[in-house]
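User: Can you walk me through a few packing details in this one? I'll keep the questions short.
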Amino acid sequence: MQQKIISISNGVTRMPEWRMARSVDFELLDGEHIAIVGPNGGGKSMLIDIIIGRHPLLRCDPEYDFRPSTKELVADNIKYVTFRDSYGDYDSTYYLQQRWNQQEIDESTPRVGELLERAYDANGTDTLQRRARQQHIYKLFQLEHLMDKSVILLSSGELRKFQLAKTLLAEPRVLIIDNPFIGLDSETRNQLTKLLSTIVSEGSLQIIIVLSRGSDIPHFITHVVEVDGMTVAAKKTLEDFEANRPSLPKRILSDEKEAAIVSLPYRDNDYNTDVVVDMKAVSIQYSQRVILNNLHWTVSNGERWALEGQNGAGKSTLLSLVCADNPQGYACDISLFGHARGSGESIWDIKRHIGYVSPEMHRAYRKNLPAIQIVASGLNDSVGLYVKPKSGDYDICCWWMDIFGIEELCERPFLKLSSGEQRLVLLARAFVKDPELLILDEPLHGLDDRNGGLVKEIINAFCRRKNKTMIMVTHYEEELPSCIDHRKRLTRHI
């Protein structure tokens, strides 16, 4: 009889206000690697909480058999890397501009190499075999050049690699990863797939991957469990899932809503220039590490740019200069909306023209306010709602939430939403003030196929209007909307 690593039979969730629609049946058998897939807010995270024992059941508890592992605790045998965990353990003190303010970081803050070595030491004795595996992980993840860098200064993709490597050093029996390919360029995605595939083929580690998009399922996955409408479907083979996966409709945004976006009142720009961003010989350096070197870039009014490059190439740093979040911008030859940086304009004079969403913003947004208040905060560029909205502002917020298909989440606390639902709320926040410049740094992070397609169509409709400029970062070519007409590629400096 095949060994049952994890078994849940007819499990009923206890909490009346937050439960699965039906009883839960789930099994992970020896040798299986499972992808849990489903739409944003469909119940995937709750299923994981049930599997690891965080969400209690009425009729039964999960049963575990982690052989050949000799570790006794569930927490030692199952490691769960979540969307937020990929940013490390600094959420309680992190603020949006901290990554760009290296002088704000205490000198005693641990570096990547120190934290990885601590993880290594905490999870076993020092042996030649363990050291070889450690170095193998570092090499495949290309972590060698990051060892002396503070975690707070890592790019989103670098952070993902760091956290996964740290978790693998614990040598768990079961590794659960929430959207592991988020924030990774294509080369690193391939490296991660290769690494995980190699590790599962060489030992007893079993993988459960939580994915919003069925197209991201890696080849070593053997079975798929679909979760939708707070219901867990029966496990099926990957081949069966691929053969019966429904296709998306060609259009997701309704004609009525598209027309409503395009016909929003025209607003003349008030910066009296055709150039939105103008950078001349811009260089950014932290200690001995060069991020941008002698960069020239001009973005004109009405252009739609794709900003491309590997993880760590400086894309987010470049956008931090445009958003006036990086203090090094004052020492550079940069003009924004016709005004040279340092010529008397305030950060808020710049930000009032910009709608912005990014992994850094998502990380900094730890305010457990109703979702509509998060959207309303975009009217004043604040993290949290500190200015009382004017009459009619909430109507505008509701309108944009309806456009993004999240109107029913208006009163839900932000931190109670799934990461995909949170991203849609932050996107509505970016659009709510009808900005002249959209800066979208990996805006489809964690979105399912349908919501990703919807956001692309909203971007296309918005950018059909006059005086609308956009800069967008993504590591997936298929995520770029059709309105893109310019490209800028950055190269990482080692």
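**Helix contacts and rings**

Analyst: Let's start with a helix pair. In this predicted model, Leu 424, Leu 427 and Phe 431 of helix 14 touch Asn 451, Val 455, Ile 458, Ile 459 and Phe 462 of helix 15.

User: What is the make-up of that contact: how many nonpolar, polar and charged residues?

Analyst: Seven are nonpolar and one is polar. No charged residue takes part in the contact of helix 14 with helix 15.

User: And at what angle do helix 14 and helix 15 pack?

Analyst: About 5 degrees, with the axes 12 Å apart. Helix 14 spans residues 419-431 and helix 15 spans residues 449-462. Angles under 35 degrees count as roughly parallel, so helix 14 is roughly parallel to helix 15.

User: Switching to rings. How many aromatic pairs are there?

Analyst: The count is eight aromatic pairs. One of them joins Trp 399 and Trp 400. Their centres are 4.9 Å apart, with 90 degrees between the planes, and the pair is edge-to-face.

User: Are those two buried or exposed? Trp 400 to begin with.

Analyst: Trp 400 is buried, at 3% relative accessible area. Trp 399 is partly exposed, at 29%.

User: Which residues do ring pairs link into a cluster with Trp 399 and Trp 400?

Analyst: Phe 404, Phe 431 and Phe 462. Phe 431 and Phe 462 also appear in the contact of helix 14 with helix 15.

User: Which charged end sits over the ring of Phe 462?

Analyst: That of Arg 465, 5.3 Å from the ring centre. Elsewhere, Arg 130 lies over the face of Tyr 120, 4.0 Å from the ring centre.

User: Now helix 1. Why is helix 1 described as largely enclosed?

Analyst: Because seven of its eight residues are buried, helix 1 (residues 44-51) is largely enclosed by the rest of the structure.

User: Which residues of helix 1 are buried?

Analyst: Lys 44, Met 46, Leu 47, Ile 48, Asp 49, Ile 50 and Ile 51. The list includes Lys 44 and Asp 49, which count as charged.

User: What follows helix 1?

Analyst: Gly 53, with a positive phi near 85 degrees.

User: Last one. Where does Ser 186 lie?

Analyst: In helix 6, residues 186-202. Ser 186 is partly exposed, with 41% relative accessible area.

User: And what separates Ser 186 from Val 262?

Analyst: Their C-alpha atoms are 34 Å apart. Along the chain, Ser 186 and Val 262 are 76 residues apart.

Definitions and conventions:
Residues are numbered from 1 along each chain as its sequence is written. This is a predicted model: local features need pLDDT of at least 70, side-chain atom pairs count only at pLDDT 80 or more; totals for chains, interfaces and linings use all residues. Side-chain values use heavy atoms; hydrogens and water are left out. Axes are lines fitted to C-alpha atoms, for helices over the stretch in contact, and angles run from 0 to 180 degrees between N-to-C directions. Helices (H or I, at least four residues) and strands (E, at least two) are DSSP runs, numbered from the N terminus. Angles under 35 degrees count as roughly parallel, over 145 as roughly antiparallel, 65 to 115 as roughly perpendicular and the rest as oblique. Contact means heavy atoms within 4.5 Å. Rings of Phe, Tyr and Trp (its six-membered ring) pair if their centres lie within 6.5 Å; planes under 30 degrees apart count as stacked, over 60 as edge-to-face and the rest as tilted. Buried means under 20% relative accessible area, exposed over 50%, partly exposed in between (1.4 Å probe, protein chains only). A charge sits over a ring if NZ of Lys or CZ of Arg is within 6 Å of the ring centre and within 35 degrees of the ring normal.
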